[in-house]
Amino acid sequence: MIKLWFQFVPREGWLPYDTEGLWAMPLTEDTARVANVPFLQDGVAEGDVVRFITNDDGRHWACERVEASGNCTIRVLPSPNGPLGRSAQAVYEQLAPFGLGGESFSSELPLVAFTVPAGAGLGQMKTLLTRGQRDGWWHFEEACITDAWRSA
């Protein structure tokens, strides 16, 4: 495994980072398959193939996505004053019926990033996410979505 680094412009009012490192499985001398879900980088999902360059320090910098996996990246942040409180675990429990893989950022910031595989119950998942946001359980964002997600 290698660490692939992505650079981006930080969002105003959000985390102050301008890079994110994701684990990846090398495929060729300049491509690798992303092996975990991104918390900050938009437009990439676990399983995507990314072209990279290696700088003089040996750091691998992502250049472009060359093959989409069909997976989506959805991020969910529980509302501190909502019924789930600041619990990433409670977010996992609500989305457990969909069998999603994901990671939580930290106990201080209970942001959960999910990999949504192609073929998952996309319509039901979107309904739950939208209802949860409307009812004050969480905020969610679609960081990397597919046509199947859009049409679900």
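**Exercise 1. Find which charged residue lies over the face of tryptophan 5, and work out how tryptophan 5 pairs with another ring.**

Arginine 59 lies over the face of tryptophan 5, at 4.1 Å from the ring centre; a charge is said to sit over a ring if NZ of Lys or CZ of Arg is within 6 Å of the ring centre and within 35 degrees of the ring normal. This is a predicted model, in which local features need pLDDT of at least 70 and side-chain atom pairs count only at pLDDT 80 or more, while totals for chains, interfaces and linings use all residues. Residues are numbered from 1 along each chain as its sequence is written, and side-chain values use heavy atoms, with hydrogens and water left out.

The next step concerns aromatic pairs, of which the structure holds 4. The rings of tryptophan 5 and tryptophan 61 have planes at 45° and centres 6.4 Å apart, so this pair is tilted. The rule behind that step is that rings of Phe, Tyr and Trp (its six-membered ring) pair if their centres lie within 6.5 Å, and that planes under 30 degrees apart count as stacked, over 60 as edge-to-face and the rest as tilted. The pair links distant parts of the chain, since tryptophan 5 belongs to strand β1 (residues 2-7) and tryptophan 61 to strand β5 (residues 60-67), 56 residues apart. Helices (H or I, at least four residues) and strands (E, at least two) are DSSP runs, numbered from the N terminus. Both tryptophan 5 and tryptophan 61 are buried, where buried means under 20% relative accessible area, exposed over 50%, and partly exposed in between (1.4 Å probe, protein chains only).

**Exercise 2. Classify the aromatic pair of phenylalanine 39 and phenylalanine 105, and say which parts of the chain it ties together.**

With 5.3 Å from centre to centre and 80° between the planes, phenylalanine 39 and phenylalanine 105 form an edge-to-face pair. Phenylalanine 39 lies in the loop between β3 (31-34) and β4 (49-54), and phenylalanine 105 in the loop between β7 (101-104) and β8 (112-116), so the pair ties together parts that are 66 residues apart in sequence. Phenylalanine 39 is buried, with a relative accessible area of 9%, whereas phenylalanine 105 is partly exposed, with a relative accessible area of 29%.

**Exercise 3. Decide which residues of helix α1 are buried, and where they sit around the helix.**

In helix α1 (residues 88-95), the residues Ala88, Ala90, Val91 and Leu95 are buried. Viewed down the axis of α1, its buried residues fall within an arc of 160°, so they line one face of the helix; the arc is that of the directions from the helix axis to the C-beta atoms. The elements that cover these buried residues include β6 (72-78), β7, β8, α2 (122-134) and β9 (138-144).

**Exercise 4. Follow the salt bridges of arginine 51, aspartate 42 and aspartate 48, and state how far apart in sequence the partners are.**

The structure holds 8 salt bridges, each being a side-chain nitrogen of Lys or Arg within 4 Å of a carboxyl oxygen of Asp or Glu. In one of them, the side chains of arginine 51 and aspartate 30 meet at 3.3 Å, N to O. Arginine 51 lies in strand β4 and aspartate 30 in the loop between β2 (19-26) and β3, so the pair ties together parts that are 21 residues apart in sequence.

Aspartate 42 forms a salt bridge with arginine 75, and the closest N and O atoms are 2.9 Å apart. Here aspartate 42 lies in the loop between β3 and β4 and arginine 75 in strand β6, so parts that are 33 residues apart in sequence are tied together. Aspartate 42 is partly exposed, with a relative accessible area of 39%, but arginine 75 is buried, with a relative accessible area of 1%.

A further salt bridge joins the side chains of aspartate 48 and arginine 65 (3.1 Å, N to O). Aspartate 48 lies in the loop between β3 and β4 and arginine 65 in strand β5, so the pair ties together parts that are 17 residues apart in sequence. Aspartate 48 is buried, with a relative accessible area of 0%, while arginine 65, at 40% relative accessibility, counts as partly exposed. As a last step, salt bridges that share partners join Arg11, Asp42, Arg75 and Glu141 into one network.

Notes: Contact = heavy atoms within 4.5 Å.
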